[in-house]
Amino acid sequence: MGNVLIVDAANVVGSVPDGWWRDRRGAAERLRDRLAARDEGEEIVLVVEGAARGVGSVPGVRVEAAPGSGDDLIVELAAARVHDGCSVVVVTADRELRERVRAHGARCVGPRAVRPVG
């Protein structure tokens with residue numbers, strides 16, 4: 001049991017036009033490091049796909065590389081953790097993904113919840 005934050009890396013990184021497309025892996029690493037700095041007593045899972053698949057885990061953030069669709073992996077992870085009795089929050093702006101994880105009992109928040117302020 002506990003609180004679990006599952007982050008859709010591609011969606012969150014893509015929500016800010018800061019040149020992330022030139023270095024998708026680097027952008028995912030920066031997001032991972034921002035998440036690692038959170039101190040909210042939650043399990044954090046960052047789901048990466050495509051060019052960001054090589055991003056590794058760090059203390060405080062487990063990185064899961066999707067072998068195919070990142071959305072499918074997020075749904076799988078959210079469903080499993082809800083089934084385990086955890087409170088699950090998925091960070092994404094993707095409407096279809098939001099509907100899919102809500103069907104399993106997860107809550108959703110938008111990318112602003114984990115983006116830097118300013």
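**Exercise 1. State how much surface the protein chain exposes, and how much of that surface carbon and sulfur atoms supply.**

Solution. The protein chain of this predicted model exposes about 6400 Å², of which carbon and sulfur atoms supply 48%; accessible areas come from the Shrake-Rupley method with a 1.4 Å probe, and for residues only the protein chains shown count as cover. Turning to individual residues, 40% of the 118 residues count as buried, where buried means under 20% relative accessible area, exposed over 50%, and partly exposed in between (1.4 Å probe, protein chains only).

Two conventions apply throughout. Residues are numbered from 1 along each chain as its sequence is written, and side-chain values use heavy atoms, with hydrogens and water left out. Because the model is predicted, local features need pLDDT of at least 70 and side-chain atom pairs count only at pLDDT 80 or more, whereas totals for chains, interfaces and linings use all residues.

**Exercise 2. Give the order of the secondary structure elements and decide how compact the protein chain is.**

Solution. The protein chain has four helices and five strands, these being DSSP runs numbered from the N terminus (helices: H or I, at least four residues; strands: E, at least two). Read from the N terminus, the order is β-α-α-β-β-α-β-α-β. The radius of gyration is 13 Å, close to the 13 Å that the globule rule gives for 118 residues, so the protein chain is as compact as a globular protein of that length; the radius is taken over C-alpha atoms, and the rule is 2.2 Å times the number of residues to the power 0.38.

**Exercise 3. Work out how the five strands are arranged in the sheet.**

Solution. Begin with strand 1 (residues 3–8), five of whose six residues are buried. Five bridges join strand 1 to strand 2 (residues 43–48) in parallel, and here V4 stands opposite E43, while D8 stands opposite V47. Five bridges also join strand 1 to strand 4 (residues 87–91), again in parallel, with V91 as the bridge partner of V7. Two strands count as paired if DSSP finds at least two bridges between them.

Next, assemble the whole: the five strands form an open sheet in the order 3-2-1-4-5, with parallel pairing. Strand 3 (62–65) and strand 5 (107–109) are the edge strands, each pairing on one side only. Helix 4 (residues 95–102) packs on this sheet, touching strand 1, strand 4 and strand 5, and its direction makes about 155° with that of strand 5. Contact means heavy atoms within 4.5 Å, and axes are lines fitted to C-alpha atoms, for helices over the stretch in contact, with angles from 0 to 180 degrees between N-to-C directions.
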